[in-house]
Amino acid sequence: MKEYRRLSPKDAKRLKFINWLKNTFKSTAKWSVTIVLIFICLIVGIALFYNVVDNRNMDDSTDYGEISKTISSETENDLTENEKHELEIDSSKEEDNSSQEDKEEIIKKEMDSNYDFSKWNEVCPKELIITNKFNPISDKYKVNTKLCRGKEIDADVCDHLEQMIVDARKDDIILWISSGYRSVELQSKLFYNQVAREKNKSVITDEEAEKRAQTVVALPRTSEHNTGLAVDFNGVQDDFYTKKEYKWLMDNAHRYGFIERYQQKWQDKTGVIYEPWHFRYVGVENSLLIKESGLSLEEYVFQNLMKNI
């Protein structure tokens with residue numbers, strides 16, 4: 001009370017209380033500001049983190065379809081990074097699709113109408129070529145490719161695909177290309193690598209291994225990816241049909257010349273399991289007609305375009 005000796009005891013006590021209040025307020029304000037700054041930094045950090053993640057997932061020029069798989073060291077030495085990615089995509093189908101028994105049943109099941117499109121493929125417009133396990137493309141078939149979002153696509157298709165992705169983005173739909181053009185050489189590597197994997201699973205003949213491999217990877221020259229006209233979207237996921245991106249494609253893809261190629265109800269026509277992620281360019285003038293027909297591409301061409309061949 002020495003410092004308050006000129007004051008009355010009552011005033012000194014009051015002044016001491018005021019000083020204590022000031023000090024307490026300063027201390028509280030200091031810690032409050034510190035806590036607020038820490039909280040702001042935390043919020044900014046979280047926002048930056050998710051921004052980085054979103055950019056990695058949405059960057060249109062980035063390859064997002066990579067699925068972690070272990071491939072043999074021998075094959076790994078022979079494949080480029082892009083080839084490994086294509087192998088990983090096909091390997092994911094093996095795990096995510098139906099059981100091995102179901103796959104074997106599919107590959108043994110013949111198409112109800114085993115259409116021969118060999119003559120058609122010689123004279124048809126490029127965008128209407130039929131490629132399946134019964135109708136491989138000719139060894140003379142050449143593809144002029146162009147990069148679209150980091151993936152090779154038939155050059156005549158690239159602008160249509162780019163516009164579709166851009167327009168989808170305007171509707172808050174993020175589409176990215178998991179797989180585009182595959183050379184026949186790459187398709188061969190993918191197929192025979194899968195054959196080796198099937199043989200490693202159990203003691204089976206080469207013929208049986210190839211049959212099983214065909215349920216996962218198409219034979220060389222029988223994949224639509226060999227034509228450069230086919231695109232797999234958004235990571236090749238079996239539940240893609242439940243996503244808003246799939247619904248947007250179903251409502252709009254025909255405006256850009258694309259159709260869903262492998263619907264579940266067409267398995268006996270196409271010989272291919274349900275692939276909701278796989279879309280095929282058939283040309284803007286054909287896509288709406290094919291979509292409205294409710295027919296697979298094989299059926300539509302056979303019933304409507306092959307009459308004079």
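## Starting at F302

At 39% relative accessibility, F302 counts as partly exposed, since the partly exposed class sits between the 20% and 50% cut-offs. This is a predicted model, so keep that in mind for everything below. The partner to look for is Y115, which counts as buried at 10% relative accessibility.

How do Y115 and F302 sit against each other? They form a stacked aromatic pair, 4.2 Å centre to centre and with 15° between the planes. Y115 belongs to the loop between α4 (100-108) and α5 (118-123), while F302 belongs to helix α12 (residues 297-304), so the pair ties together parts that are 187 residues apart in sequence. F117 joins in too: Y115, F117 and F302 make up one aromatic cluster.

## Another ring pair, and the tally

Now turn to F233 and F279. Their ring centres are 6.0 Å apart and their planes stand at 65°, so this pair is edge-to-face. Here again distant parts of the chain are linked: F233 is in strand β4 (residues 230-233) and F279 is in strand β6 (residues 275-281), 46 residues apart. Both F233 and F279 are buried.

How many aromatic pairs are there with centres within 6.5 Å? The count comes to eight.

## The sheet

The strands β4 and β6 just mentioned are part of an open sheet of four strands. In what order do the strands run? The order is β3-β4-β6-β5, with antiparallel pairing. At the edges are β3 (177-179) and β5, each of which pairs on one side only. From one strand to the next, the twist averages 45°.

Zoom in on β4 and β6 and you'll find them paired in the antiparallel sense over three bridges. On the β4 side, A230 stands opposite R280 in β6.

## Helix α9 on the sheet

Helix α9 lies across β4, β5 and β6, running at about 35° to β6. Which residues of helix α9 (residues 244-252) are buried? They are E245, Y246, W248, L249 and N252. Seen down the axis of α9, these buried residues fall within an arc of 160°, so they line one face of the helix. A bit of helix geometry helps here: an α-helix has 3.6 residues a turn, so residues three or four places apart point the same way.

What do the buried residues of α9 pack against? Their contacts are α6 (155-170), β4, β5 and β6. Flip to the face of α9 turned away from its buried side and you'll see the exposed residues K244 and K247.

## Helix α12 and its surroundings

Back to α12, the helix that holds F302. Its buried residues are L297, E298, E299, Y300 and V301. Those buried residues pack against α5, β5 (258-262), α10 (267-270), β6 and α11. Two of the sheet's strands, β5 and β6, are therefore among the partners of both α9 and α12, since both helices have buried residues packing there.

## A look at E292

Helix α11 (residues 284-293), one of the elements that α12 packs against, is the place of E292. Is E292 buried or exposed? At 59% relative accessibility, E292 counts as exposed. If you want to locate E292 relative to H254, the two residues are 38 residues apart in sequence and 10.0 Å apart in space, C-alpha to C-alpha.

How values were computed
Residues are numbered from 1 along each chain as its sequence is written. This is a predicted model: local features need pLDDT of at least 70, side-chain atom pairs count only at pLDDT 80 or more; totals for chains, interfaces and linings use all residues. Side-chain values use heavy atoms; hydrogens and water are left out. Rings of Phe, Tyr and Trp (its six-membered ring) pair if their centres lie within 6.5 Å; planes under 30 degrees apart count as stacked, over 60 as edge-to-face and the rest as tilted. Buried means under 20% relative accessible area, exposed over 50%, partly exposed in between (1.4 Å probe, protein chains only). Contact means heavy atoms within 4.5 Å. The arc is that of the directions from the helix axis to the C-beta atoms. Two strands pair if DSSP finds at least two bridges between them. Axes are lines fitted to C-alpha atoms, for helices over the stretch in contact, and angles run from 0 to 180 degrees between N-to-C directions.
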